[in-house]
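Here is a short, friendly note to read alongside the model. Please keep the 3D view open and follow the points in order.

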Amino acid sequence: MDRRFLFVLASSRTDGNTEALARRAAEQLDPGVEQTWISLAEHPLPEFEDLRHDSDHVRPTEGNLGLLLDATLAATDVVIASPLYWYSVSTHAKRYLDHWSGWLRIPGLDFKATMAGRTLWGVTVLADPEASVADPLVGTLNNSAAYLGMRFGGVLLGNGSKPGDVLGDTEALARAKSFFARETPLARFPHQAA
């Protein structure tokens, strides 16, 4: 299967540091790799309603929810580009992941089996010089990938606060050059790690 990247921009700010770092990493992809970029601020998802014990699970075919579902199913690689907000993913990113719970229950969709073996990546920029403060964000993405049997490419971390700051983070820009060329092992929950 040819690689198709879905970049889910989950910032409340247009053209922010996280998007800039994600775009730098994406520049390194082979020109033949299809890239789809969707801003959740421009394509807001409705609040997630947990209907897992109800029977009305209908596949969304229209609107932003249908757009995101179709793009997610078409992607071999899903990149969640979320700034570090209160030490985890943004509200936009969390709502997107919450909708995965609903997609798991749509009859005939088989979302979990479809996503198994595909790769989840993360890109984030944080204002703290200590990278470990992003561990909850990394854990959210890793564990989401593990639950679905996906591969996890890790999280590209950058540093910055004001718009454009990350472009001065030479170490992050250097990591961006080879980020999507990394090996992507099957994701494992922490308790499953060897």
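1. A residue is called buried when its relative accessible area is under 20%, exposed when that area is over 50%, and partly exposed in between. With that cut-off in hand, look at Glu19: its relative accessibility is 14%, so Glu19 counts as buried. Please remember that this is a predicted model.

2. Which residue forms a salt bridge with Glu19? The partner is Arg23, and the closest N and O atoms are 2.8 Å apart. Both residues sit in helix α1 (residues 17-26), 4 residues apart, which means about one helical turn separates them. Unlike buried Glu19, Arg23 is partly exposed, at 35% relative accessibility.

3. Now move to helix α3 (residues 91-103), where Lys94 and Asp98 are also 4 residues apart, or about one helical turn. Their side chains meet in a salt bridge, at 2.6 Å from N to O. Here Lys94 is partly exposed at 41% relative accessibility, and Asp98 is partly exposed at 23%.

4. How far apart in sequence are the parts that Arg3 and Asp77 tie together? The side chains of these two residues form a salt bridge, 3.1 Å from N to O. Arg3 lies in the segment before β1 (4-9), while Asp77 belongs to strand β3 (residues 77-81), so the pair links parts that are 74 residues apart in sequence. Asp77 is buried, with a relative accessibility of 3%, whereas Arg3 is partly exposed, at 34%.

5. As for the total, the structure holds 4 salt bridges. Among them are Arg3 with Asp77, Arg23 with Glu19, and Lys94 with Asp98.

Conventions: Residues numbered from 1 in each chain as written. Predicted model: local features only at pLDDT ≥ 70, side-chain atom pairs only at ≥ 80, totals over all residues. Heavy atoms only, no water. Helix = DSSP H or I, 4+ residues; strand = E, 2+ residues; numbered from the N terminus. Buried < 20%, exposed > 50% of the residue type's maximum accessible area, 1.4 Å probe, protein only.
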